Amino acid sequence: MPDISLTMVAVLCLASLAAGWIDAVVGGGGLLLLPVLLLGLPGGTPAAYALGTNKAVAIVGTTGAAVTYARKAPVDVRLAVRIGLAALAGSTAGAFVAAGLSTDVLKPVVMVVLVGVGTFVILKPAFGTAPSTTPVSPRRVLAAIGLAGLGIGFYDGLIGPGTGTFLVLALTALLHLDLVTASATAKIVNCCTNAGALATFAWKGTVHWQLAALMAVFNLVGGTVGARTALKKGSGFVRVVLLTVVFALVANLAYQQWVA
């Protein structure tokens with residue numbers, strides 16, 4: 001365990017609980033958990049330890065949410081795994097590129113995309129409220145594997161914030177899913193990307209395993225409850241949370257770009 005107070009441990013556990021809930025509903029739990037970890041770990045701790053510990057925590061909550069969704073939502077697990085494997089490859093490539101590229105150049109582009117996405121969801125209230133009855137064509141399946149898998153996976157390795165939210169939006173648009181089913185599918189894809197990232201951080205030795213294990217319990221509870229909430233409340237509720245997370249992402253990236 002890192003040398004932090006019991007009060008800070010409690011704060012980290014509560015943040016982990018809330019992040020698990022947010023991430024299960026619509027993605028974006030890292031927006032809350034990662035900054036709290038960066039603040040909570042002792043001064044001078046390399047950021048890689050916050051990133052590695054975050055992934056060790058997140059993979060547990062994501063897996064719990066994925067299992068909950070898979071039991072009760074109409075998820076095509078085989079397709080989700082195919083997209084997830086593509087995302088794993090994409091995130092690995094993104095991580096390699098990130099080593100030699102300033103992500104500050106890309107953050108304004110991501111902000112513009114997010115604002116556009118938020119505007120679209122507001123102007124299209126029927127978006128993701130119900131699944132399409134038309135069968136999805138093989139071309140759309142390939143597009144989902146390419147964009148939601150390789151593309152967003154690459155983004156996850158390169159920058160990261162909002163990956164789950166982007167997945168939900170892409171899967172809804174490309175596969176004509178409702179938002180609840182898209183969230184369920186995104187959790188399975190996220191399990192793959194988190195596993196790849198965690199393996200890298202574990203290999204580098206930048207994970208506080210004892211702290212991660214404690215926080216993971218709370219994240220698992222949050223993720224399971226969040227998935228059940230989304231299943232119970234439906235796509236309208238997920239839409240509200242989605243818009244909240246999208247604009248929180250914009251504010252977070254703007255702060256990193258021009259204030260921090």
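## T53 and its backbone partner

In this predicted model, a polar atom of the T53 side chain sits 2.7 Å from the backbone oxygen of Y49. T53 belongs to helix α3, which runs over residues 47–72. How accessible is T53? It counts as buried because its relative accessible area is 0%, under the 20% cut-off.

Leaving out residues up to four places away in sequence, T53 touches L37, T206, V207, H208 and A212.

## The annotated membrane spans

The unreviewed UniProt entry carries the annotation "transmembrane region" for residues 30–51, 79–99, 105–123, 144–171, 207–225 and 237–255. Two of these spans can be set side by side in the model. Residues 207–225 are 89% helix and 0% strand, and the C-alpha atoms at the two ends lie 26 Å apart. For residues 30–51, the end C-alpha atoms lie 10 Å apart, with 73% helix and 0% strand over the span.

## A greasy patch on the surface

Which residues make the nonpolar surface patch? They are M1, L14, L17, L214, V217, F218, V221 and V225, and together they cover about 660 Å². Two elements give two or more residues each to this patch: α1 (6–26) and α9 (209–233). Helix α9 supplies the largest share, with 5 residues.

V221 is one of the patch residues, and its place is in helix α9. Is V221 buried or partly exposed? With a relative accessibility of 43%, V221 counts as partly exposed, because that value falls between the 20% and 50% cut-offs.

## One salt bridge

How many salt bridges does a search of the whole structure find? The search turns up 1. The pair is D23 and K187, whose closest N and O atoms are 3.3 Å apart. Since D23 is in helix α1 and K187 in helix α8, the pair ties together parts that are 164 residues apart in sequence. Both D23 and K187 are buried. As background, side chains of opposite charge can pair when their charged atoms come close.

## Contacts across the sequence

V250 is a handy residue to click on in helix α10 (residues 235–258). At 15% relative accessibility, V250 counts as buried. Among residues beyond four places away in sequence, V250 touches M111, L114 and V115. V250 can also be paired with P108: the two are 142 residues apart in sequence, yet their C-alpha atoms are 9.2 Å apart in space.

G151 gives another long-range pairing to look at. Its C-alpha atom is separated by 6.5 Å from that of G90, a residue 61 places away along the chain. G151 lies in helix α6 (residues 138–158), where it is partly exposed, with a relative accessible area of 32%.

## An odd backbone angle at H176

Where does H176 sit? Its place is in the loop between α7 (163–175) and α8 (179–204). Phi of H176 is near 55 degrees, a positive value in a residue other than glycine. For context, most residues other than glycine have a negative phi. H176 counts as partly exposed, at 30% relative accessibility.

Key: Residues numbered from 1 in each chain as written. Predicted model: local features only at pLDDT ≥ 70, side-chain atom pairs only at ≥ 80, totals over all residues. Heavy atoms only, no water. UniProt positions renumbered as here; feature names shortened; annotations may be inferred. Helix = DSSP H or I, 4+ residues; strand = E, 2+ residues; numbered from the N terminus. Buried < 20%, exposed > 50% of the residue type's maximum accessible area, 1.4 Å probe, protein only. Polar contact = N/O pair within 3.5 Å; in protein donor to acceptor, adjacent residues only side chain to side chain. Contact = heavy atoms within 4.5 Å. Patch = residues over 30% accessible without salt bridge, like charges linked within 9 Å, V, L, I, M, F, W, Y side chains within 5 Å. Areas by Shrake-Rupley, 256 points an atom, 1.4 Å probe, with all protein chains shown as cover. Salt bridge = Lys/Arg side-chain N within 4 Å of Asp/Glu carboxyl O.
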